[in-house]
Amino acid sequence: MNDSVYRTRSLGVAATGLPDQYADGKAATVWNIYVGSTQARTKLYRESVCDILRSHGCQHVLDVACGTGVDSIMLLENGFRVSSIDASDKMLKYAQKTRWARRKEDAFDNWVIEEGNWLTLLETEIDFPSEGFDAVVCLGNSFAHLPDFDGTNGQQRLALRNFCDALKPGGILLIDHRNYDAIIDTGIAPPGANIYYNSPYVDNIKTSVLRVDGKPSMVTLDYHLQVPLRLVKKRSHRGHVIAASSGTEDEDEAKVASHFRLSYHPHRLDDFKRLVSESFSESFESDEVLGDFQDFSKVATPAYFVHVVRKKENPDASSEPESKRKMSF
Ligand code: SAH
């Protein structure tokens, strides 16, 4: 409904049936440039994710929002076994390219990548371990991509239930979202270092908060980058490189402006915690929340909240039967 008033998404539809904000290829083309190289990701980020997974004894990880493969690659390089899915073939293309380029490394040769959608996770063409995955990761503010057009969070509940079902008993879901409390309350994303992305080419990111009947319904971020021409070649249909006018003679210095827009369904922290525990239902054990991967109380205004959700080892057999939607691997 909002889209008819204010164009927030590309009109592409993924093969898996969801509106795919990456379908026009604009964000996908420059995503790795926006993210920075996987090596350049902050030490805090890399160590935190790996430490959390290791401290819970996780080995086999399902990355449900792999995009261009940023998190998956990091996990593979750190000794995890990884299966990855994403709804956007435009994004997946880049993950596949890396897999191909590094196929001589065993970890990459065994890397499973498939198009998949959280709402129909069961139908994804990957092998689910008989007990379930040790961990499901959904990082980089991905979950908020799921729209909630009818205001019931029904899609969100379904996705979270599917994540839970993909986990083995005692497994963990590592899931994050931007600090939407701060964004909704102040109208801008908290400034400061981004724990995830540290590209030197980000010019600015503009924030809009759309309210429907007074309720925050959508947050739109407009990403403006100035990308060196040598990193992104714009080609005409005949394949000639089109030099963007940068006012400089030096090819290395020439920059091309890149803009992409992504819209998110904002979750306040307390609402999200409730959503997770309700969706995991009798399988819910705990939800430890970190602020920018640190002790919550030590970060004044975190940019991201990271939830470490643990699935019960032995869900109470006496509670509501789960057979209705239990995943059959
Ligand atoms: N984790 C990666 C990608 C973040 S971009 C990183 O940090 O770089 C968010 C990704 O979520 C996109 O690639 C998008 O296609 C994917 N996504 C959004 N909704 C999805 C859904 N319902 N099912 C599967 N993937 C989805």
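Student: Which residues of α4 are buried?
Tutor: This is a predicted model. In it, the buried residues of α4 are Lys90, Met91, Leu92, Ala95, Thr98 and Arg99.

Student: How many residues does helix α4 have, and how far does it reach?
Tutor: Helix α4 covers residues 89–101, which is 13 residues. From its first C-alpha to its last it reaches 18 Å. That is close to the 18 Å expected at 1.5 Å a residue.

Student: Back to the buried positions. What is the general rule on which helix residues point the same way?
Tutor: An α-helix has 3.6 residues a turn, so residues three or four places apart point the same way.

Student: Switching to the sheet. What is the strand order?
Tutor: The order is β3-β2-β1-β4-β5-β11-β9-β10. It is an open sheet of eight strands with mixed pairing.

Student: Which strands stand at the edges?
Tutor: β3 (112–115) and β10 (294–295) do. Each has a single partner strand, so one side of each is left without a neighbour in the sheet.

Student: In what sense do β1 and β2 pair, parallel or antiparallel?
Tutor: Parallel, over four bridges. Strand β1 is residues 60–63 and strand β2 is residues 81–86.

Student: What is the bridge partner of His60 in β2?
Tutor: Arg81 is the bridge partner of His60.

Student: Which strands does helix α3 touch?
Tutor: Helix α3 (residues 70–77) packs on the sheet and touches β1, β2 and β4 (133–138). The direction of α3 makes about 175° with that of β2.

Student: So is α3 mostly covered or mostly open?
Tutor: Mostly covered, with seven of its eight residues buried. Those are Val70, Asp71, Ser72, Ile73, Met74, Leu75 and Leu76.

Student: What does Gly79 do just after α3?
Tutor: Gly79 takes a positive phi of about 90°.

Student: New topic. Where is Thr124 found?
Tutor: In the loop between β3 and β4.

Student: Why does Thr124 count as buried?
Tutor: Because Thr124 has 21 C-beta neighbours inside 10 Å, and the cut-off for buried is 20 or more.

Student: What does Thr124 touch?
Tutor: Leaving out residues up to four places away in sequence, Thr124 touches Ile85, Glu114 and Gly116. Thr124 and Glu114 are 10 residues apart along the chain, and their C-alpha atoms are separated by 7.2 Å.

Student: Now the ligand. Which residues come nearest?
Tutor: Gly67, Ala87, Ser88, Gly140 and His145, out of the 19 residues around the ligand.

Student: How does that shell divide into nonpolar, polar and charged?
Tutor: The shell around the ligand has 11 nonpolar, six polar and two charged residues.

How values were computed. Residues are numbered from 1 along each chain as its sequence is written. This is a predicted model: local features need pLDDT of at least 70, side-chain atom pairs count only at pLDDT 80 or more; totals for chains, interfaces and linings use all residues. Two strands pair if DSSP finds at least two bridges between them. Helices (H or I, at least four residues) and strands (E, at least two) are DSSP runs, numbered from the N terminus. Two residues are in contact if their C-beta atoms, placed from the backbone, lie within 7 Å. Axes are lines fitted to C-alpha atoms, for helices over the stretch in contact, and angles run from 0 to 180 degrees between N-to-C directions. The expected span of a helix is 1.5 Å times one less than its number of residues. A residue is buried if 20 or more other C-beta atoms lie within 10 Å of its own, exposed if 12 or fewer, and partly exposed in between; C-beta atoms are placed from the backbone. A residue is near a molecule or strand if its C-beta atom, placed from the backbone, lies within 6 Å of it. Ala, Val, Leu, Ile, Met, Phe, Trp, Tyr, Cys and Pro count as nonpolar, Asp, Glu, Lys and Arg as charged, and the others, Gly among them, as polar.
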